[in-house]
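User: Hi! I've got a structure open and would like to talk it through with you. Could you take a look?

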Amino acid sequence: MKNLIAITTLLFFACLPYAQAQFGIGLTTGGDFYQRYANPENPADSGALRSSGNVFLNSAIGPKIWIGKRRFSVSIEAQVVYGATSIGIREYKGMGTIAFPMMMHLNFNGLSGFSNNNFGTGFSIGGGVQYSKTELYGTTRDYENLDRNLFPTYVGEVKLGFGGKGIMVDLFLRYGLGLDSDRKLSGANSLNIGLSSSFNLTQIKKNGKKKSKNQSKDAQPQIQQ
């Protein structure tokens with residue numbers, strides 16, 4: 001919660017110069033082509049391998065907020081990322097992963113969320129915190145006592161894609177490292193590579209009203225002189 005408050009505060013100050021900018025609410029969805037999580041080092045795990053990965057049946061969804069203009073915006077988003085078939089290939093302990101990334105992004109050109117033109121290319125850079133958990137179910141008897149709690153990683157993300165009229169599609173790479181209570185590396189890390197789509201519902205609705213208004217004007221009969 002403290003990390004989310006910090007991200008929101010940073011977003012607020014970043015957006016002060018854009019007080020007259022547009023505001024949008026929507027959602028983001030997609031899935032990972034590849035995901036891999038490594039739990040923090042824990043002597044109580046008796047040498048069990050800490051990683052779990054997946055390339056199938058990964059999905060993500062969550063809310064997203066934008067503030068900005070046609071070629072630049074700042075956004076915050078929170079997702080639930082679920083990997084139904086994640087396993088440790090070298091050492092099977094159980095299946096399933098879940099992650100909760102909370103991110104802030106700087107979005108440029110086609111990924112700004114406010115472009116009214118035809119679809120154009122763009123990119124985003126961002127960072128935040130992600131909480132992850134592995135071995136959700138199907139734990140084998142040998143690993144019933146594994147300490148598999150949610151663990152945080154501090155993540156950075158890069159997106160490349162295209163968008164327009166409130167709809168965006170991008171390829172992303174998100175990587176993070178975990179820290180222990182002494183602010184040293186805990187051995188935890190996270191990697192997510194995939195495809196996502198974002199929908200600025202406020203902008204989509206605005207474009208629909210504008211299109212309907214223009215069609216109404218075109219449909220009005222012309223008065224002959």
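Analyst: Happy to; we can start with the overall picture and then go through strands, rings, salt bridges and the surface.

User: Great. What kind of model is this?

Analyst: It is a predicted model, so please read every value below as computed from predicted coordinates.

User: Noted. How many helices and strands does the protein have?

Analyst: There are two helices and 10 strands. Going along the sequence, the pattern reads α-β-β-β-β-β-β-β-β-β-β-α, with a helix at each end of the run of strands.

User: And what share of the residues is buried?

Analyst: Of the 225 residues, 42% are buried. As for the surface, the accessible area is about 12600 Å², and carbon and sulfur atoms contribute 61% of that.

User: What about contacts between residues far apart in sequence?

Analyst: Taking contacts with a separation of 6 or more, 70% are between residues 24 or more positions apart.

User: Let's do strands. How do β7 and β8 pair?

Analyst: They run antiparallel, with 13 bridges between β7 (residues 120–137) and β8 (residues 151–164). If you want one spot to click on, V129 has Y154 in β8 as its bridge partner.

User: Which way does β9 pair with β8?

Analyst: That pairing is antiparallel too, and β9 (residues 167–179) shares 11 bridges with β8. G164 sits opposite I167 in β9.

User: What's in the turn between β8 and β9?

Analyst: The two strands make a hairpin with two residues between them. K165 is in that turn, and its phi is positive at about 55°.

User: Switching to aromatics. How many ring pairs turn up?

Analyst: Searching the whole structure gives three aromatic pairs. One of them is F72 with F108: the ring centres are 5.2 Å apart and the planes meet at 50°, so this pair is tilted. F72 belongs to β4 (residues 72–78) and F108 to β6 (residues 95–109), and the two are 36 residues apart.

User: How are the rings of F108 and F123 arranged?

Analyst: Those two are stacked, because their planes are at 15° with the centres 4.7 Å apart. Here the link goes from β6 to F123 in β7, across 15 residues. Together, ring pairs join F72, F108 and F123 into a cluster.

User: How accessible are F108 and F123?

Analyst: F108 is partly exposed at 24% relative accessibility. F123 is also partly exposed, at 35%.

User: OK, charges next. How many salt bridges are there?

Analyst: The count is four. One of them joins K64 and E77, with an N to O distance of 3.2 Å. Since K64 is in β3 (residues 58–68) and E77 in β4, this bridge ties together parts that are 13 residues apart in sequence.

User: Which residue else does E77 meet in a salt bridge?

Analyst: K159, at 3.5 Å from N to O. K159 lies in β8 and E77 in β4, so this bridge ties together parts 82 residues apart in sequence. The result is a network of salt bridges linking K64, E77 and K159.

User: Are those three buried or exposed?

Analyst: Buried. The relative accessible area of K64 is 4%, that of E77 is 7%, and that of K159 is 3%. The cut-off for buried is under 20%, so each of these values qualifies.

User: Got another salt bridge for me?

Analyst: Sure: R148 and E135 meet at 2.7 Å, N to O. R148 is in the loop between β7 and β8 while E135 is in β7, so the bridge ties together parts 13 residues apart. R148 is buried at 5% relative accessible area, and E135 is buried at 7%.

User: Last topic, the surface. Which residues form the nonpolar patch?

Analyst: The patch is made of F33, Y34, V55, F56, L57, L171 and L195. Together they have about 700 Å² of accessible area.

User: Where does F33 sit, and how exposed is this residue?

Analyst: F33 is in β1 (residues 22–38). With 48% relative accessibility, F33 counts as partly exposed, because exposed would need over 50%.

User: Thanks, that gives me plenty to look at!

Key: Residues numbered from 1 in each chain as written. Predicted model: local features only at pLDDT ≥ 70, side-chain atom pairs only at ≥ 80, totals over all residues. Heavy atoms only, no water. Patch = residues over 30% accessible without salt bridge, like charges linked within 9 Å, V, L, I, M, F, W, Y side chains within 5 Å. Areas by Shrake-Rupley, 256 points an atom, 1.4 Å probe, with all protein chains shown as cover. Salt bridge = Lys/Arg side-chain N within 4 Å of Asp/Glu carboxyl O. Helix = DSSP H or I, 4+ residues; strand = E, 2+ residues; numbered from the N terminus. Buried < 20%, exposed > 50% of the residue type's maximum accessible area, 1.4 Å probe, protein only. Pairing = 2+ DSSP bridges. Phe/Tyr/Trp six-rings, centres within 6.5 Å; stacked < 30°, edge-to-face > 60°. Contact = heavy atoms within 4.5 Å.
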